Amino acid sequence: MDAAIQIIITGLTLGAMYALASVGLALTYGTMGMFNMAHGMFMTIGAYASYSLSSAFGAPLPLALVAGICAGAISGSLLHLLIVRFMLHTEDFQTTIMVATAGVAIALQDLILKRYGAYPFKQPAQIEGSFRLAGTAISYQSIVIVAMAALLIGALAWLLTYTKFGLAIRATAMNQDAAKLMGVRTERTYLQVIVIAGVLASAAGILISSLAGLSPAMGTDPLIRAFIICVVAGLGSVTGAGLAAIMMGLFEAAISYYIGARFGLPVMLGLVVLILIFRPAGLFGRMEVVRS
Amino acid sequence: MDEKRDCEMGSSRRGFLKGGLLGLGSAAVLATLNESAVAQSADPVIVGAPLQLTGAGAADGIEFKQGLELAAEEINASGGILGRQVKIVTADTESGGDDLITSAGQRLIDRDGASALIAGYNFGSQTALQNVAADASVVYLHADTARAHTDLVSKNPGRYWGSFMYCPSELYYGFAFLNFIKHLEDTGQLKAPNKKIAIVTGPLVYSINIANSIKSDAAKYGYEISLFETVQAPTTDWGPTLAKLREDKPGFIVVTHFFPQDQAQFMIQFLANPTNSLVYLQYGASLAAFRDLAGDASVGVLYATNIGVLSGEVSEEFAKKYLGRYGAKASPNGGAQTYEALHLFAQAAALAGGVGKAYEEEQSKKVAARLKESIFRGPTGVIRFDQKAQQAFSYPVQTKDPSLGMAHIFSQIKRKEENGYIISPTPYETAQFELPKWMQA
């Protein structure tokens, strides 16, 4: 019983962090056909911004969290305004934007390294302590991680489903030309999408760094997992990415307990291969979701 | 055990002392040599440092860089190496594998003109830089703590004459740990609830070799391995592994996965519902980053290193100087490694008549010969090389004389603000073992 609760808690914690990391990536791909290789850097920037405000200026925890998320949003908008918008209509956009954003990620990582060094600073934005549930210790930080992921992803789902703003994003994702004809300003929609991705990723970065500490390369591992989750879910499927992230978190925790901790990622990768063979569009994807 | 025997056979104490060279304060020795020297060249001596300045091993890589900088300043203040100033050039190995490590080493030699390579440890197969050094005929000093080095050099000394590991290999951690816990139990300092040892290792060769060496010898010391788990790197959520440990309830938990960030999370999550187990964390807990991240959860943890700053005048003076220069968050244990390696190299090069040039082996071979003869006392103990494997001897595992081997120290963290206190071996201990607060007496 204790083990089962532990697996569920670990799975939900991992899944929540994966979800925040992957939903923004899925949204960007689904709307713009853009695989953002700098997505991991949004996480890093959010984590460092939160750390800087909290430790250097003594800002309270909520303010530091908000600052980190704002830093992610600003990073997203700058990426769009300075690079993406100039490449949107170029030939082979999907390929060239991957290379361009990979370059941005490398440059940003080096800048952070230069500014902060590689010392694994402790993220002040965390809550210490734990409580017991049927004999299993559950940390308050895990609860915060799950709650924050649920809040942000819930807000995104509401935004996409019930607002005109969300309708514009969905319309653009379905058919860019048709959306334009219906009066949607698609370029502004793209900017909004990248900002949302930046917000979610920076929140993920803050939460991940609360467990792992800060490092300039901290976004790399979550980015790889986010890519895996997006492929499993179906490229561009936002809801699917959220659900797949939770499933993968639970799956990884169960594999770690029942088979061995080292098999978590290899089994996940094996699963991706199987899904690509038997369901090329992913578990939740439809072929038409993917822009041609 | 074979390696232990090989090392003992590789160099007799009598044979070594015959040609031995005692390093009683490298700066003073260098200054004396420099007094009578005429500068051989106005060009600085370039020492290449292939270090992991980014990625998972960066916490240590930064310390290694700082240690080199501090040593270079001291050497230059003493007149350099026979009048030539020492200049450190670093190349980032990115905590990566052999491809990145090799290219970093090669760049330092071919682009920067390095006359020697000095590093702390790098990841990969831990044989990459030996090959770079052998191809370029330069001296290479490192602290990989790797059996891979001893195997490589022992089997082909004609090729790897210039590669030296200035610490013992990781295999000694196994015997030393088992010996240590048995001693704690035999002397009544610890009454473990059972003889079970749970081992948690990581994906890197260093961690796996230590875990395997404990596993293979446990029965000889009267212990059984009840759990052997390999985790990924990084591991931030230890839930499933801790669930297994809590079911197993071992008397001893050994974590050989050595990343300080991951070890810190292990302790924080373990202490939420601890078992009555002695916790030993390999190496990572010796770094300030571990205490910084784990906070109160770091107190009571045991760790060991076979290349850590000792007690006593030489070591304490270094630690004070290092912390004064780089701040309270710096780790003298890391910086001391490259610090003493550069001092050792400078002294050997001065005695050999100067440093060599890449691809011209004659002078570098003279430096290597001097290194092989040296007995050098640095902040982490005595570096005396086994003549066959070109690794430092371990005290007390290989030699019972503390003046002839690098001390394998066990430490316990007593306060989160301070480095751990050495609790073994004699004569370096600074405190007694204390039962961790989560264990029952």
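1. In this predicted model, residues 45-392 of chain B are 45% helix and 17% strand, and the C-alpha atoms at the two ends of the span lie 25 Å apart. UniProt, in an unreviewed entry, assigns these residues of chain B the feature "domain: Leucine-binding protein".

2. Strand β2 of chain B covers residues 45-51, and six of its seven residues are buried, so the strand is largely enclosed by the rest of the structure. The criterion behind this statement is that a buried residue has 20 or more other C-beta atoms within 10 Å of its own.

3. Strand β3 of chain B (residues 86-92) pairs with β2(B) in the parallel sense, through seven bridges. Within this pairing, B:Ile88 of β3(B) stands opposite B:Val47. Helix α4 of chain B (residues 58-77) forms a right-handed β-α-β unit together with β2(B) and β3(B).

4. Strand β4 of chain B (residues 116-118) also runs parallel to β2(B), to which two bridges join it. Here B:Ala116 is the bridge partner of B:Val47. B:Val47 is therefore a point of contact to note in both pairings, with B:Ile88 in β3(B) and with B:Ala116 in β4(B).

5. For chain A, the unreviewed UniProt entry places the feature "transmembrane region" at several spans, including residues 63-87 and 93-113. In the model, residues 63-87 of chain A are 100% helix and 0% strand, with end C-alpha atoms 35 Å apart. Residues 93-113 of chain A are likewise 100% helix and 0% strand, and their end C-alpha atoms lie 30 Å apart.

Methods. Residues are numbered from 1 along each chain as its sequence is written. Chains are lettered from A and ligands numbered from 1 in the order in which they are written. This is a predicted model: local features need pLDDT of at least 70, side-chain atom pairs count only at pLDDT 80 or more; totals for chains, interfaces and linings use all residues. UniProt positions are given in the numbering used here, feature names are shortened, and annotations may be inferred rather than shown by experiment. Helices (H or I, at least four residues) and strands (E, at least two) are DSSP runs, numbered from the N terminus. A residue is buried if 20 or more other C-beta atoms lie within 10 Å of its own, exposed if 12 or fewer, and partly exposed in between; C-beta atoms are placed from the backbone. Two strands pair if DSSP finds at least two bridges between them. A crossover is right-handed if, with the strands pointing away from the viewer, the path from the first strand over the helix to the second runs clockwise.
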